[in-house]
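Work through the two exercises below with the structure at hand. Try each task before you read its solution.

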Amino acid sequence: MKFQIEDVTVYFPYDHIYPEQYSYMLDLKRALDAKGHCLLEMPTGTGKTIALLSLITSYALCKPSNPVKLLYCTRTVHEMEKTLAELRRLHKYQLDHLGPAARILAIGLSSRKNLCINPSVVTAENRDSVDAACRKLTASWVRALAAENPRVPTCEFFETFEKAGSDGVLPPGVYTLQDLRAFGKEKEWCPYFLARHMVQFANVVVYSYQYLLDPKVAGIISKEMQRESVVVFDEAHNIDNVCIEALSVSVRSQTLEGATRNLNKMSQEVERFKATDAGRLRAEYNRLVEGLAQRGNLPISDTWLSNPALPDDIVKEAVPGNIRRAEHFLSVLRRLVQYLKGRLQTENVEKEGPVAFVASINAQVGIDQKMLRFCYDRLHSLMLTLEITDTDEFLHIQTICDFATLVGTYTRGFSLIIEPFDERMPNIPDPVLQLSCHDASLAIKPVFERFQTVVITSGTLSPIDLYPRLLNFNPVVSRSFTMSLTRDCICPMVLTRGSDQLPVSTKYDMRTDEGVERNYGKLLLEMVSIVPDGIVCFFVSYSYMDGIVNSWNEKGILKEIMQHKLVFIETQDVVETTLALDNYRKACDCGRGAVFFSVARGKVAEGIDFDRHYGRLVIMFGVPFQYTLSRILGARLEYLRETFQIKEGDFLTFDALRQAAQCVGRVIRSKADYGMMIFADKRYSRHDKRSKLPGWILSHLRDAHLNLSTDMAAHIAREFLRKMAQPYDKSGGSGRKTLLSQEDLEKMENGSLGEMF
């Protein structure tokens, strides 16, 4: 369908649109017109992605003189592929209506591991090894050697792409990662470097959060993006954690041992060059005297990770004299590694700020703040001079230089915490030094400043007023949408006690209680006998899940559950979990029914949908609070209180409930779907906890369902399932329109449809 929103003709590839999609587009357009940022919470399963894509691409088509570019950030490759498939459908519809004028170029960009087609490279086991294997074949010095000696291996796909020169471009269209690989094989061009080259010309780029938020990656990939770009962070409820991880570094004793090995190898290389090619080291020294840490524009295949500090904080001056010579710089790094080894040998937990830490380094080993700030650039320059290609072997020294640069650059918003062992296993010495960032606004600040509109959207952004404070920005539009439904297809319940009337909770003092474990088991046993097909259970942590499943096994509860449905468990191993999910789906498909045990904050809670019969009920056992004794969390809470006046309790509750909402939101993926949600913990009945759930869940949570025991919940479940089994009118025959056609929208513009909402 095609309709007007003010001065923009919106092309929408479906025959009907939900009212909330229409309202969502109106608010999104207000933000685009105001060239400001916005926060939009939209229930899961209401077509958020297609609403975003169709409005922003239509907006660009209506303003051809100054078209906006769309940078769409997703969390997983799976979501990236889904977004591009949706965009392909939309693009086909726009082409049918507008012809060649609607042509766009849209690409997905991922790591070499997901895009490489060279069989000798892509078989390496992890991402770092694939990157290094690629550099061994494509680095400029390797190619220069190969030009003289044809026996030196190079990558034929990269060579043919380089030979194509200015003809090496992608024709307009929408390309998923699979399409890029297929196009690369057909032309014999390297899909990874082709995608990297085309990013600056594409109208739509879909990639991972890290490509914008992690300065090490963003410095290479996203620096050419123009200001007239719209950035969308989809499923962005955890965006503050992504920002913090991008600027945090942890150093263990293994890292320091690895760094020592790296330094020995580099020293040997320096000695070898002194004997064979002293001119090269002298040239590097002269370049550093002139104040250039980098060699102008590097060839695309030589660029390596960028500086870990944010662009505005990188010093634009000459490298200090005492680290210009390669051997002097290596001896500085040796002293730094030695100092860190000494700090890790502590018996007690130590915590200090970056300023005190830098002062102590200066006093003990004579390395000042300026030398620390330049560590990263100086290492990068030296690695290029020594022509090192197996970068995966040098990850340890890279981590140390990342750490040094960040600690030398930032004075507030960070703290250093040294823990001699993991609190949960005090007998095993495992010292770790963590530089942890507490301020999520640091990493995202350059994104807000550089791009005219940033859209942060998800199904769970409640309470929505906390995000502008955490990320330190002023949205022009901040709105939470509800779900318009023809029938009440969501049934949330709060279960506070078992059938024996004992309260249930995962509070620390109650979680190992026999009664609580038994009541949780009885609740699940009751539900597997009532609910058809798939049931998903979320626990607060892996250790709690292990404990309670063992206890159910000993009591014989698990055996009884297995008589009704098969049980599958998420583990920390990705392959095992994927296999368990496949078999869970098979069991649901063939009618045997299944239960899936999973963990809040795990991989399944974040990205797997249990739509239709794969998830008819989700049970959240307990409130998924973070491990509150964690020192890093403690330091962050202190910082939030002092800087943004956010109380500890408020932040912890907000964080736990966004995770719980994320877990239960997995079951509703469209309006024709239906599902029940059980919050099994007495703490959910308290108003201060419950009120932080998203509005679309709260609007279906009746007062009568707030304080249930197991038998009452079973009765409500039976009634609900009986009601859902009845046929119903999808378009909303009972006076409430939940599917709008083109005529409805035209009427709405004339103001006659207002009473339908």
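**Exercise 1. The sheet**

Find the order of the strands in the open sheet of 4 strands, and say which strands lie at its edges.

Solution.
- Step 1. In this predicted model, the order of the open sheet is E9-E12-E11-E10. The pairing is antiparallel.
- Step 2. Look for strands that pair on one side only. These are strand E9 (249-252) and strand E10 (350-352), the edge strands.
- Step 3. Check the twist. From one strand to the next it averages 10°.
- Step 4. Now follow E9 to its partner. Strand E12 covers residues 429-437. It is joined to E9 by 4 bridges, and the two run antiparallel.
- Step 5. Pick out one facing pair. Leu435 in E12 stands opposite Val249.

A reminder on pairing: backbone hydrogen bonds link the strands of a sheet, either parallel or antiparallel.

**Exercise 2. The helix pair**

Describe how helix H9 and helix H10 cross, and list the residues in contact.

Solution.
- Step 1. Two numbers describe packed helices: the angle between the axes and the distance between them.
- Step 2. Locate the helices. H9 spans residues 177-187, and H10 spans residues 191-198.
- Step 3. Their axes come within 9 Å and cross at roughly 115°. Angles of 65 to 115 degrees count as roughly perpendicular, so H9 is roughly perpendicular to H10.
- Step 4. Add the handedness. The crossing of H9 and H10 is right-handed.
- Step 5. List the contact. H9 supplies Leu180, Arg181, Phe183 and Gly184. H10 supplies Pro191, Leu194 and Ala195.
- Step 6. Sort these contact residues. They divide into 5 nonpolar, 1 polar and 1 charged.

Note on methods: Residues numbered from 1 in each chain as written. Predicted model: local features only at pLDDT ≥ 70, side-chain atom pairs only at ≥ 80, totals over all residues. Heavy atoms only, no water. Pairing = 2+ DSSP bridges. Axes fitted to C-alpha atoms, helices over the stretch in contact; angles between N-to-C directions. Parallel < 35°, antiparallel > 145°, perpendicular 65-115°, else oblique. Left-handed = near helix turned anticlockwise from the far one by under 90°. Contact = heavy atoms within 4.5 Å. Nonpolar A, V, L, I, M, F, W, Y, C, P; charged D, E, K, R; others polar.
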